[in-house]
Amino acid sequence: MNYRVGIDIGGTFTDFALLKGNEVVLHKNLSTPEDRSLGVMEGLGKLAEKEGLPLPEFLRRCEAIVHGTTVADNTLIEMNGALTGLITTEGFRDEIEYRRGYKEDIWDVRLEAPQQITPRRRRLTVPERVLHDGSIHKELDEAALREACRKLRLQNVEAVAISFLFSFVNPEHERRAKEIVQQEIQNAYVSASHEVLPRAPEYDRTSTTVVNAYVGPRVTGYLERLVQRLGEGGYRNQLMVMQASGGVMTKDYIDGAPIRVLASGPAGGVVGSAHAGRAKGCPDLLCVDMGGTSYDMALVLNGEAPAEAGWNMHHRYLVGVPMVKVETLGAGGGSICHVNNGALEVGPRSAGSEPGPICYGRGGTEPTVTDALVMLGILSTEEGFAGGSFRLSRGGVEEAFRKIAQDLGHDDAERAAFDCWRVVNAHMSQGVRRTTAGKGIDPKDLVMLAYGGNGPAFAAIQAEDLGITRVLVPKASPTFSALGTLVANPTIDEERSYIAPASALDMTRIRKLWTELSDRAARYFTAAQFRAEDIRADYRLNMRYPGQNFSLSFDFAAGSPLGDLGFIDETFAAHAIALFNARYLAEYGHIREHEVPEISGLRLAAHVETPSPPAGGELVPTGAQAQPIRHRRANLGAGFEEIPVYRGADLAPGMEVGSPAIIEETFTTIVVYPGWRAQVDSAGDYQLLKCG
């Protein structure tokens, strides 16, 4: 028996999905913030125990280990990345701070500017200038560059970002600058913009390069430790790393631009959702992932979770690499409940895994959403939690909520816990409304797919708030993002700038750029031991109308053999215009009939198909009745009453559970709120359906 393992590290738990044949084995253990690779190895050891194997033998049998990590996200959240300097073209010192005039909320006069990764004293310039056509207007002043390095060295910088004007057209100056910086500031991590994001516009490229330099040492250091520990443990294949684009690739590829792992964990869940939705006949999904630290929302339309390159604002910095769109709120099981100026608030601060919620019994003192679920009877203190790794306790929980109640002007701890439940639920529902309204989508037209350890506990009540009548809860929902990494294919998604009216294209230049992208992808796929004939490529164009700042991306030639550019012929321009107008019409409802659009970039998304976990499943009611294992006093929104509790392992395909009810799975709890019913489909997954 050979294995494939998907791993997703969250702020509270590290999730594992083991695929052996068509069977999926799940595991969760607490994350280890001091060194997250320790938690990974601990979990792999537990999986080996479940398989009755010593860890070295288990790792030897692993065909692939695929890993989604939050190291980059946590670095930006905590702002504890490398001490970073920026070297840029003379005259462009402050562009990174101008942010193209962008402000997240133009009406919030109290909104502070984001904390600068590179404050002005660490932003230095050097004389040099490359023009838009790649010609050199002013040679690089190497003496000035060495002086800039001296100043940065005196500030003890650990990483340096280099971003020169038009380096994506001619990178000669940036290449030389990187050599000099590596000579002058030894052991510094150097991030050059032509390697990270070789395209316009200038702010996007500089911002992405700076963030890459800031998180790079943390990401590469973590992955190196993990690869070393895996090798010492007996793993002999390459570690595959989840990317924000929804694909995976080798560590060697990620080392070139660690920024690509930003938001990789949530991307895995969305890719897995698209896979499950297609198989179950639900191509349009609202994906909601409530874990221990955050609440992530994403949309899957027409069975796809496309990665968008361009204006991706992440942790208040623009990141221009392709990313699956995921909106995040600080609303997870560990989100802390508190009273601020007489108003009850939940999050964004989280108790994390250390010390965790009060009910974990690890020293937490501030009440959290998980503690509220314990107070409301939704979570059990009688059975093991997180797969039986420990039990929840009410010790100290009631006292903490009584303090919340007193701050709110009463003395009822259960009422305070219920208020926290209402607030966090409203917070999440409003977040969904903002996300869907911004895209012109009515959530009533979607099916909700809920996952994460806490997602199924809130799914039906949120769906009711939003007018959604059907909710999918995969059996693997507690570790669904980890399972999603096993759905993702090895992928390289990159682009190059090329700006020209569609009526005046340089076809030789277009062929050259796409050939460079194809050759680069082929090198990495070959190094990862994938066969050339298995690589498929989507050749894409970025286009816009003259005067527009943002472009639309669309497939020009999808599913082509890598390197096959036979589609570049005399019909190329006319076909590009027709495809762009169709895409623009679908997106905005109109086109500019008398304007010739322009190409702003060429993109290549190459991938290899790999085995995916099984999905699918239909509702096939059998009439068989499930029997509750006990009743528990709980409040599901209509006051406390005795609620029947079912064990998930006792529910066979075709069985139905009426409301109100609580279903306890190994790693999650599914709540069937009043007015809903739950059915187990033929794949063993749950579907929650609104009654009437």
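## Cis peptide bonds

Pro660 sits in the loop that joins strand S32 (656-657) to strand S33 (661-664). The model is a predicted one. The peptide bond leading from Ser659 into Pro660 is cis, and its omega is near -10°.

A further cis bond runs from Ala200 to Pro201, with omega near 0°. Pro201 belongs to the loop between H7 and H8. Both flanking helices return below: H7, residues 193-196, helps to line a pocket, and H8, residues 202-233, packs against H3 and H1.

## A positive phi

Asn156 is not a glycine, but its phi is positive, near 60°. The residue is placed in the loop between helix H5 (142-154) and strand S9 (159-163).

## H8 with H3

Two packed helices can be described by the angle between their axes and the distance between those axes. Helix H3 covers residues 71-78 and helix H8 covers residues 202-233. Their axes come within 9 Å and cross at roughly 130°. That angle falls outside the parallel, antiparallel and perpendicular ranges, so H3 is oblique to H8. The crossing is right-handed.

On the H3 side, the contact uses Val71, Ala72, Thr75 and Leu76. H8 supplies Val211, Tyr214, Val215, Arg218, Val219 and Tyr222. Sorted by class, this contact of H3 with H8 holds eight nonpolar residues, one polar and one charged.

## H8 with H1

Helix H1 (residues 36-50) also packs on H8. The angle is about 30° and the axes are 9 Å apart. Angles under 35 degrees count as roughly parallel, and H1 and H8 are therefore roughly parallel to each other. H1 passes H8 in a right-handed crossing.

Arg36, Ser37, Leu38, Val40, Met41 and Leu44 form the H1 side of the contact. Facing them from H8 are Tyr222, Arg225, Leu226, Arg229 and Leu230. The contact of H1 with H8 divides into seven nonpolar, one polar and three charged residues. Tyr222 of H8 takes part here and also in the contact with H3.

## H12 with H13

Helix H12 (residues 397-407) packs against helix H13 (residues 413-438). Here the angle is about 80° and the axes are 8 Å apart. The range from 65 to 115 degrees counts as roughly perpendicular, so H12 is roughly perpendicular to H13.

From H12, the residues in contact are Glu398, Phe401, Arg402, Ile404 and Ala405. They meet Ala413, Ala416, Ala417 and Cys420 of H13. By class, the contact of H12 with H13 has seven nonpolar and two charged residues, with no polar ones.

## The second largest pocket

Rolling a probe the size of a water molecule over the atoms shows where empty space is left. The second largest pocket has a volume of about 790 Å³. It is lined by 33 residues. Closest to its centre are Phe168, His194, Pro198, Arg496 and Glu516.

Three elements each give two or more residues to this lining: helix H7 (193-196), strand S26 (491-501) and helix H16 (507-527). H16 gives the most, with eight residues. The lining of the second largest pocket is made up of 16 nonpolar, five polar and 12 charged residues.

Methods. Residues are numbered from 1 along each chain as its sequence is written. This is a predicted model: local features need pLDDT of at least 70, side-chain atom pairs count only at pLDDT 80 or more; totals for chains, interfaces and linings use all residues. Side-chain values use heavy atoms; hydrogens and water are left out. Axes are lines fitted to C-alpha atoms, for helices over the stretch in contact, and angles run from 0 to 180 degrees between N-to-C directions. Helices (H or I, at least four residues) and strands (E, at least two) are DSSP runs, numbered from the N terminus. Angles under 35 degrees count as roughly parallel, over 145 as roughly antiparallel, 65 to 115 as roughly perpendicular and the rest as oblique. A crossing is left-handed if the near helix is turned anticlockwise from the far one by less than a right angle, and right-handed if clockwise. Contact means heavy atoms within 4.5 Å. Ala, Val, Leu, Ile, Met, Phe, Trp, Tyr, Cys and Pro count as nonpolar, Asp, Glu, Lys and Arg as charged, and the others, Gly among them, as polar. On a 1 Å grid over the protein atoms alone, a cavity is a set of points where a 1.4 Å probe fits but cannot get out, and a pocket is an open set with protein on both sides within 12 Å along at least five of seven lines; lining residues have an atom within 4 Å of a point. Grid points are joined across faces, edges and corners, and a volume is the space filled by probe spheres set on the points.
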